[in-house]
Amino acid sequence: MADYIPLLMFAVVCLVLMAGYPVALTLAGTALLFALAGTATGHFDLSFLHALPNRLYGTMDNTTLIAVPLFVLMGVMLEKSKLAEDLLDSMALLFGKFKGGLGISVVLVGMLLAASTGIVGATVVTMGLMSLPTMLKRGYDPALASGAICATGTLGQIIPPSIALVLLGDILSSAYQQAQLSQGIFTPKTVSIGDLFVGAIIPGLLLVLLYIGYLLIISRLKPASAPVAIPEDGNDLISAGRLLRSLLPPVMLIVAVLGSILSGAATPTEAAGVGALGATLLALSRRQLTLSRLREVTRSTTEVTAMVFLILIGAAVFSLVFRGFGGEELVAELFNHVPGGVVGATLLVMLVIFLLGFILDFIEITFVVVPIVGPVLLAMGLDPVWLGIMIAINLQTSFLTPPFGFALFYLRGVAPTTVTTGDIYRGVVPFITIQVLLMLLLAIWPALATWLPNVIF
């Protein structure tokens, strides 16, 4: 029984989280209680906790994680500058004369918003408030409109610069080095956040194209579900100047952030600084940067950053105690006995992460689950970039899946009463199928995620 204490500890954490207790305190508190009980029964050596101060200092001193508050600041600033409203209006005028054109506009604007903000909740709520009433007024089927908005909102998980990829990159970097050291490789290769950003470009764009393809097919098969969106004044033309004014700022910002990383001119952390400054200047140029708004943005950024780092501290305590109970050896042994070898182990991990996505946010899963399973899977020969992209898309799918998907709750909170919960659930099913299809394509052709990083870096 003592051998399975790490699994019991993990199960207790999940149960306490489901009861509604704060994540960071649950992780640290549960781990310390198990450590004390283990010490009393002779199953745990408290000397493992001596490494905790160095772990915490290392977390605070990690320059990579400075990208988190900077990307959050960039996203919140863009959300408050009303950039998406102008962009959606312009795109709707551009594509409105086509069947399914408004839906395609929502996907494209959501893609740019996801690339600009990287925050799933902010994108879903923003798109829900702006585009859902318009889509319903233009005669769109509520299920199709809801599904398109939820699916587009979760693109923030996979399209760089994504906060999820920043955190995954940092954790996978440590896991990859740990896996190589366990194999006797004392000059380990490294994987960076930039690798994950580049690896996510092709899968992210492919996902957007699949969404658009689905909307085009539906608009042909069921024209009443996605009709032509003709503006109320009958004017379906848009000037090139207006389109450029609304499209150019977010595109330039994305190019500045990703371009500086891809060209090697800046690290992801430095690029995050470029993004934060660019978003601030953009808000200033649009006369949206008032003192009260700046206070609101900095408060939101501080809250999110504090939450992330507090969870990091809780996860550090949890991982130390988990390792002290022999958790890593237990996971490795369990994976070695899973039928199908590395394929079976990967499927099992993906299933567990998918189910945990119902009750935990991506931050908790990244800090709790990935450090446990990552070193074992990477030691079995998986590519770290491929694994990171698969985990990100898997979590994105989990956030869409009824009845517990986070994106569904975000949209339900801002959707009109005429849109039922059943409409939202029905609407996301085809998009979930598309994301599962993308994961199958990645499983069959891993080069979709690994080819571009190998070429650029």
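These legends describe three close-up views of a predicted model.

**View 1. Helix H17 is mostly covered.**
Helix H17 runs over residues 370-379. Eight of its ten residues are buried. Val370, Ile372 and Val373 are among them. Gly374 and Pro375 are buried as well. So are Val376, Leu377 and Leu378. Just after H17 comes Gly381, with a positive phi of about 110°.

**View 2. The second largest pocket is lined by 19 residues.**
The space in this pocket comes to about 470 Å³. How is such space found? Rolling a probe the size of a water molecule over the atoms shows where empty space is left. Which residues lie nearest the centre of the second largest pocket? They are Arg55, Thr59, Ile171, Ser174 and Ser319. Four helices each supply at least two residues of the lining: H3 (52-60), H9 (163-182), H13 (291-324) and H17. H17 is the mostly covered helix of View 1. By type, the lining has nine nonpolar, seven polar and three charged residues.

**View 3. Ile149 sits in helix H8.**
Helix H8 spans residues 142-153. Is Ile149 buried or exposed? Its relative accessible area is 0%, so Ile149 is buried; the cut-off for buried is under 20%. What does Ile149 touch, leaving aside its neighbours within four places in sequence? Ile149 is in contact with Val106, Val124, Met127 and Gly128. Its other contacts are Ser131, Leu132, Met135 and Leu411. Val124 is 25 residues away from Ile149 along the chain. Yet the C-alpha atoms of Ile149 and Val124 are separated by 6.5 Å.

Methods:
Residues are numbered from 1 along each chain as its sequence is written. This is a predicted model: local features need pLDDT of at least 70, side-chain atom pairs count only at pLDDT 80 or more; totals for chains, interfaces and linings use all residues. Side-chain values use heavy atoms; hydrogens and water are left out. Buried means under 20% relative accessible area, exposed over 50%, partly exposed in between (1.4 Å probe, protein chains only). On a 1 Å grid over the protein atoms alone, a cavity is a set of points where a 1.4 Å probe fits but cannot get out, and a pocket is an open set with protein on both sides within 12 Å along at least five of seven lines; lining residues have an atom within 4 Å of a point. Grid points are joined across faces, edges and corners, and a volume is the space filled by probe spheres set on the points. Ala, Val, Leu, Ile, Met, Phe, Trp, Tyr, Cys and Pro count as nonpolar, Asp, Glu, Lys and Arg as charged, and the others, Gly among them, as polar. Contact means heavy atoms within 4.5 Å.
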